[in-house]
Amino acid sequence: MITLSQLTPHLARGWQTRTNSAGSVALTFDDGPDPETTPLLLKMLDDAGLKATMFVVGQKCRKQGSLLREVYAAGHSIACHGYVHTRHGFRGKAFLERSIRQSSFLLDEFGVKI
Ligand SMILES: [Zn+2]
């Protein structure tokens, strides 16, 4: 059995936030789709009968379109992590708008709704 800490060590630290739904847990994963980790993650989630939200990076989606489609077809939610993987908090408004717009157009090209 593969554990989250084996898949990506920093995932084991986890993050917590409050939700309005008692007894529920939201799983989110960043930085994909990645050909090395995403297939393993999909298998783990499928084995556990869980769905997650995947914050994808536009540049990676362009290279890993079939993997992006596989994630979406498996019923996971897709969310935008920007077109490039960088600290968006230090960028200007124009950069942020372009990054989100580029990612949105790309996801549309792949038939993925966010
Ligand atoms: Zn990230």
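Which strands and which helix make a right-handed β-α-β unit here? Strand β1, helix α2 (residues 38–48) and strand β2 make it.

## About the model

This is a predicted model, where local features need pLDDT of at least 70, side-chain atom pairs count only at pLDDT 80 or more, and totals for chains, interfaces and linings use all residues. Residues are numbered from 1 along each chain as its sequence is written.

Helices (H or I, at least four residues) and strands (E, at least two) are DSSP runs, numbered from the N terminus. A crossover counts as right-handed if, with the strands pointing away from the viewer, the path from the first strand over the helix to the second runs clockwise.

## Strands around β2

Let's start with pairing, which requires that DSSP finds at least two bridges between two strands. Strand β1 (residues 28–32) runs parallel to β2, joined by 4 bridges, and T28 has T53 as its bridge partner in β2. On to β3 (residues 77–80): 4 bridges join β2 to this strand, also in parallel, with A79 as the bridge partner of F55.

The faces of β2 are easy to tell apart: M54 and V56 are on the covered face, while T53 and F55 are on the uncovered one.

## The nonpolar core

A nonpolar core is a set of buried Ala, Val, Leu, Ile, Met, Phe, Trp, Tyr and Cys residues joined through C-beta atoms within 7 Å. Buried means 20 or more other C-beta atoms within 10 Å of a residue's own, exposed 12 or fewer, and partly exposed in between, with C-beta atoms placed from the backbone. The largest such core has 12 residues, among them F29, M54, V56, V71, I78 and L107. Helix α4 (65–73) and β2 (53–56) each supply at least two of its residues, and α4 gives the most, with 3.

## Two backbone details

Have a look at the end of β1. D31, found in this strand, has a positive phi of about 80 degrees although it is not a glycine. Just beyond, a cis peptide bond joins G32 and P33, with omega about 0 degrees; P33 sits in the loop between β1 and α2.

## Helix α5

Helix α5 (residues 93–109) has 17 residues and should span 24 Å at 1.5 Å a residue (1.5 Å times one less than the number of residues). Its end C-alpha atoms are 24 Å apart, which agrees.

In α5, S99, S103 and L107 are buried. These buried residues line one face of the helix because they fall within an arc of 60 degrees seen down its axis (taken from the directions from the axis to the C-beta atoms). On the other side, exposed residues include K93, E97, R101 and F105.
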